[in-house]
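Here is a structure you may not have met before. Let's go through it by asking how each label is earned.

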Amino acid sequence: MQFNDLHRQHDRIQEGLDRRLGKVFQDMHFISGEEVAEIEEKLADYVGVKHVISCASGTDALVIPLLAKQLKKTDAVFVPAFTFFASGECVASAGGTPVFVDVDEETFNLDPDSLEEKIEEVLKDGELEPKGVIPVDLYGLPADFRRIRKIADKYGLFLLEDAAQGFGGTIDGRKAAGFGDVGATSFFPSKPLACYGDGGAMFTNDDETAKLLTSLHVHGKGKNKYDNIRIGVNSRLDTIQAAVLLEKLAVFDEEVDLRNAVADRYTERLRGVVKTPTVPEGFRSSWAQYTVRLESTEQRTRLQEALKAQDVPTMVYYPIPLHQAGAFRDLRPAVLPVSEKLCGTVMSLPMHPYLTEEEQDFICGIIKKNV
Ligand SMILES: *Cc1c(COP(=O)(O)O)cnc(C)c1O
């Protein structure tokens with residue numbers, strides 16, 4: 001069994017994709033071909049924002065908006081400790097200092113109370129200046145933007161949404177990637193909306209920000225790419241990846257529905273057996289991952305081994321909280337108990353839109369027998 005069976009999805013889109021790629025190979029406009037403008041427009045429509053600037057990866061989609069902020073080492077940007085490394089790495093790459101915040105045990109997402117506590121700590125301490133916050137839509141569930149937006153406004157912080165996993169999720173019908181001043185997403189092959197390589201996109205409603213991001217992602221261009229008015233980067237989504245995304249976006253809404261059906265079936269079968277994930281009222285997840293919590297690391301190891309023996313792959317996202325990552329060893333030490341506990345007890349199960357009921361019965365049967 002595969003953790004994320006991309007073959008089944010490929011079989012479904014192959015005909016249309018072959019046609020699209022045939023056209024790309026005829027045009028030979030591998031950078032900035034017309035498919036790139038087309039996918040940007042469709043993504044803007046999908047999320048309901050004014051501007052989409054595509055780029056070369058989800059990490060770049062986080063770094064470029066931070067470059068626009070011209071961060072100094074003394075600028076604090078608040079990041080949940082329980083997430084993929086890039087959510088914190090981007091702050092350091094852009095010249096700022098990440099300050100790690102704890103998460104909510106039920107939703108796995110940034111805990112607004114911990115955020116406010118950490119902001120107050122930084123203010124009291126006086127060494128750093130609070131500048132921004134990067135909530136992460138972990139496993140596909142949008143972060144608590146109802147509360148986080150209020151806190152960001154109260155302290156004058158910019159809000160950068162890491163929607164690398166959350167693309168396709170909603171709060172009160174509003175789409176993920178549209179909750180921040182800028183939203184960033186990734187099209188890495190394992191994400192809900194994915195291409196066949198690296199890719200990413202930035203989303204914003206602000207005209208000035210859009211201009212700045214457009215400039216920064218192509219060598220700080222001004223009127224054209226040989227009029228370089230600031231130091232930028234080279235980070236573009238290529239035409240082949242845009243063509244892949246156009247085919248996949250056409251079936252994406254249906255795939256998010258299918259992922260929700262898969263998640264519901266897991267929860268029906270596993271409720272009371274292990275701790276199943278929580279989706280708060282008004283929220284919808286795009287289920288980048290289906291992640292359960294276990295009693296202990298020993299229990300997790302036992303279950304992972306039992307599943308592996310039957311050819312069922314599982315993953316631990318993430319084994320180390322960011323405040324304990326080697327790369328951040330020089331930052332001030334922090335104790336973030338929920339993030340630390342989750343790293344020792346979470347386990348993600350196979351998840352993709354085409355997982356069958358029989359496969360899920362098989363997986364859940366093994367779990368029930370071995371808890
Ligand atoms: C995947 C991911 C990223 C980085 O995206 P890439 O396209 O791999 O650079 C950033 N944040 C989170 C939460 C992710 O899951």
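A polar contact is a pair of N or O atoms within 3.5 Å. Keep in mind that this is a predicted model.

Q: What makes the pairing of Gly58 with the ligand a polar contact?
A: A backbone N or O atom of Gly58 lies 2.8 Å from an oxygen atom of the ligand. The limit is 3.5 Å, so the pair counts as a polar contact.

Q: How do you know that Thr59 makes a polar contact with the ligand?
A: Here a polar side-chain atom of Thr59 is involved, 2.5 Å from a ligand oxygen atom. That is within 3.5 Å, so the label fits.

Q: What makes Ser186 count in the polar contacts of the ligand?
A: A polar side-chain atom of Ser186 sits 2.6 Å from an oxygen atom of the ligand. Being within 3.5 Å, the pair is therefore a polar contact. As for cover, the protein hides 93% of the 380 Å² of accessible area that the ligand has on its own.

Q: Which residues around the ligand come nearest?
A: There are 16 residues around the ligand, and Gly58, Thr59, Gln165, Ser186 and Lys191 come nearest. To be near, a residue needs a heavy atom within 4 Å.

Q: Where does the ligand sit?
A: The ligand takes up the space of the second largest pocket. A molecule sits in a pocket if more than half of its atoms lie within 2 Å of the pocket's grid points. Two elements, α3 (58-68) and α4 (86-93), give two or more residues each to the shell around the ligand. The largest share, three residues, comes from α3.

Q: What makes up the shell around the ligand, by residue class?
A: The shell has six nonpolar, eight polar and two charged residues. Gly counts as polar, so Gly58 goes in that class.

Q: What does the second largest pocket look like in numbers?
A: About 400 Å³ of space lies in the second largest pocket. Of its 21 lining residues, Phe84, Ala164, Ser186, Phe188 and Lys191 are closest to its centre. By class, the lining has nine nonpolar, nine polar and three charged residues.

Q: How much volume does the largest pocket have, and what lines that pocket?
A: Its volume is about 570 Å³. The lining has 22 residues, with Pro98, Val99, Leu128, Leu331 and Arg332 closest to the centre. β3 (97-101) and α5 (112-125) each supply at least two of the lining residues. This lining divides into 11 nonpolar, four polar and seven charged residues.

Note on methods
Residues are numbered from 1 along each chain as its sequence is written. This is a predicted model: local features need pLDDT of at least 70, side-chain atom pairs count only at pLDDT 80 or more; totals for chains, interfaces and linings use all residues. Side-chain values use heavy atoms; hydrogens and water are left out. A polar contact is a pair of N or O atoms within 3.5 Å; within protein, one must be able to donate a hydrogen and the other to accept it, and residues adjacent in sequence count only if both atoms are side-chain atoms. Accessible areas come from the Shrake-Rupley method with a 1.4 Å probe; for residues, only the protein chains shown count as cover. On a 1 Å grid over the protein atoms alone, a cavity is a set of points where a 1.4 Å probe fits but cannot get out, and a pocket is an open set with protein on both sides within 12 Å along at least five of seven lines; lining residues have an atom within 4 Å of a point. Helices (H or I, at least four residues) and strands (E, at least two) are DSSP runs, numbered from the N terminus. Grid points are joined across faces, edges and corners, and a volume is the space filled by probe spheres set on the points.
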